[in-house]
Amino acid sequence: MSTIAALNPTPLWKHFAKLCEIPRPSKHEDQVVAYIVDFARNRGLDVALDQIGNVIIKKPATPGMEDRKTLAMQSHVDMVPQKNADTEHDFLTDSIKPYVDGEWVTAEGTTLGADNGIGVAAILALLESTDIPHPALEALLTIDEEAGMTGAKNLQPGHFEADLLLNLDTEDEGELYVGCAGGVDVNVSLPYSAESMPAGHQAFKLSVRGLRGGHSGLDIDKGRGNANKIANRIIDTALRQVPELRIASLDGGSLRNAIPRESFSVITVPAEKAVQLLDIAQQASAVIKTELDGEAKLEITLEPTGAPASVMDADAQLKLIRTIRCCPSGVERMSTALEGIAETSNNLARVVTETENGNSRVRIQCLVRSLSDTARDEHGLNVAAAFQLAGAHTSLDNAYPGWTPNMKSPLLALMKDVYKEMEGKEPEVKVIHAGLECGLLAKPYPNWDMVSFGPTIRRAHSPEERVHIQSVANFWDYFLKVVAAIPAAK
């Protein structure tokens with residue numbers, strides 16, 4: 001931690017190092033919220049929690065800046081809890097272990113939390129400063145962004161006076177974001193009958209590991225493998241040749257907003273067909289690896305395992321396997337208005353078998369995103385319909401709107417000017433195929449003129465998450481110059 005805290009700029013990195021020490025997975029932000037509240041109170045800042053648990057901090061302008069417009073700043077305090085299967089880590093109790101890897105900071109076997117910890121650290125560093133000129137500041141630090149945007153959804157009017165807001169939650173230095181996709185969760189429950197494993201069957205564990213995974217919005221257009229789709233494809237290929245195959249359990253993916261990197265399944269076949277199954281899996285794996293030539297670390301194994309307590313009834317497993325084949329996964333449509341940007345997509349995020357009170361089911365989670373709210377809802381219904389045909393119970397939940405771009409934004413014009421003065425070139429102005437809180441924040445605060453920016457972060461939502469050290473320094477310098485350039489109130 002001391003190595004990270006000593007990086008440049010130290011005001012920012014010391015706060016990020018501290019955030020890494022505090023467990024803060026989505027929906028478990030109590031510790032980090034308490035830390036931030038104590039931070040503010042110890043520095044004499046005006047701090048409060050709203051009714052949902054967002055932290056609101058206010059700081060007066062420095063001398064000579066009292067006539068400037070009030071500036072709001074916003075980041076989310078939670079992080080995505082992802083780890084490698086062989087990493088021992090409890091996100092509810094253990095600290096993240098960051099380290100310097102060349103030009104980057106990453107973590108040991110887990111997500112780093114640079115998304116959005118760097119933004120939070122920048123806000124805390126500015127609030128703590130005694131020598132940085134700034135107008136009156138209002139900070140909004142939201143909870144539960146990654147797992148449902150609960151904090152932003154429940155923000156109420158009346159807390160803020162600012163008309164300008166900087167969202168510090170995007171992941172490419174030199175890019176300014178003025179719009180984003182909305183999203184909706186598609187939740188599926190498919191009941192099945194648990195039966196005894198057929199006599200004479202042998203059990204095997206099918207493991208899919210080593211996929212790149214990543215952010216289900218930012219990386220959905222990069223052709224990365226989906227562990228749930230790969231496992232399903234191998235099982236279906238085997239089932240077509242060995243109809244006696246039975247599924248005992250499925251456990252693929254982890255979070256709805258992360259492209260699934262791993263899947264673990266237990267299947268059974270007649271013992272005399274074990275060699276045939278191994279051969280089918282080997283051939284299918286070779287084909288898949290050839291198709292996914294960008295997944296250099298993909299590992300698919302099929303190994304004998306202990307006999308399971310039960311297997312899925314044949315009718316339900318056939319409907320499940322064929323429906324997952326039909327389920328859209330990846331980009332559905334590219335934007336015609338914004339070149340190179342996905343308009344609508346779906347992430348087949350989670351497939352898991354569960355038994356509770358004697359009732360067995362397969363639970364499936366998908367996250368549909370779109371730049372169009374109507375296309376979002378339509379594609380959500382398309383995904384749900386595929387599972388409804390298999391007899392599943394489905395629901396569309398946690399819908400949130402996109403953020404409509406305002407290319408005439410005065411704040412955008414100011415930030416473009418500041419960037420050009422610093423770098424001698426124009427920043428890229430973009431719309432992102434991911435969920436930023438700005439779309440939700442605009443509902444209680446329609447007066448907010450908003451722009452989102454941040455340092456370069458790669459592989460967010462995966463254990464390979466990393467943040468570029470120099471880009472953090474550049475981001476900090478740019479942030480402070482934008483703050484200093486906030487115009488006078490009229």
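**Buried polar side chains and two one-sided helices**

The side chain of serine 452 is placed in polar contact with the side chain of asparagine 167, at 2.6 Å, in what is a predicted model. Serine 452 belongs to strand β21, which spans residues 449–452, and it counts as buried because its relative accessibility is 0%, the cut-off for burial being under 20%. When residues up to four places away in sequence are not counted, the residues touched by serine 452 are Asn167, Asp169, Thr170, Glu175, Leu176, Tyr177, Trp403 and Leu436; asparagine 167, the partner in the polar contact, is thus listed together with Trp403 and Leu436 among these neighbours.

A second buried site is found at glutamate 437, which is located in the loop that lies between β20 (428–432) and α11 (438–441). Although glutamate 437 is buried, no salt bridge is formed by this residue, and the nearest side chain of opposite charge, that of lysine 153, is 11 Å away. A salt bridge would require a side-chain nitrogen of Lys or Arg within 4 Å of a carboxyl oxygen. The side chain of glutamate 437 does, however, make a polar contact of 2.6 Å with the side chain of glutamine 74. Leaving aside residues up to four places away in sequence, glutamate 437 touches Gln74, His76, Thr142, Glu145, Met149 and Ala152.

Turning to the helices, α7 comprises 18 residues (274–291) and reaches 26 Å from its first C-alpha to its last, close to the 26 Å expected at 1.5 Å a residue. Its buried residues are Ala274, Leu277, Ile280, Ala281, Ala284, Ser285 and Ile288. These residues lie on the same side of α7, because the arc that they cover around the axis is only 130°. The elements that cover the buried residues of α7 include the strands β11 (201–209), β13 (263–270) and β14 (299–304), together with helix α6 (227–241). On the other side of α7, by contrast, Val275, Gln282 and Thr290 are exposed.

Helix α8, formed by the 13 residues 314–326, likewise has a span close to expectation, reaching 18 Å between its first and last C-alpha atoms where 18 Å is expected at 1.5 Å a residue. In α8 the buried residues are Ala316, Gln317, Leu320, Ile321, Thr323 and Ile324. An arc of only 165° around the axis contains them, which means that they are found on the same side of α8.

Note on methods. Residues are numbered from 1 along each chain as its sequence is written. This is a predicted model: local features need pLDDT of at least 70, side-chain atom pairs count only at pLDDT 80 or more; totals for chains, interfaces and linings use all residues. Side-chain values use heavy atoms; hydrogens and water are left out. Helices (H or I, at least four residues) and strands (E, at least two) are DSSP runs, numbered from the N terminus. The expected span of a helix is 1.5 Å times one less than its number of residues. Buried means under 20% relative accessible area, exposed over 50%, partly exposed in between (1.4 Å probe, protein chains only). The arc is that of the directions from the helix axis to the C-beta atoms. Contact means heavy atoms within 4.5 Å. Lys and Arg count as positive and Asp and Glu as negative; His and the chain ends are not counted. A polar contact is a pair of N or O atoms within 3.5 Å; within protein, one must be able to donate a hydrogen and the other to accept it, and residues adjacent in sequence count only if both atoms are side-chain atoms.
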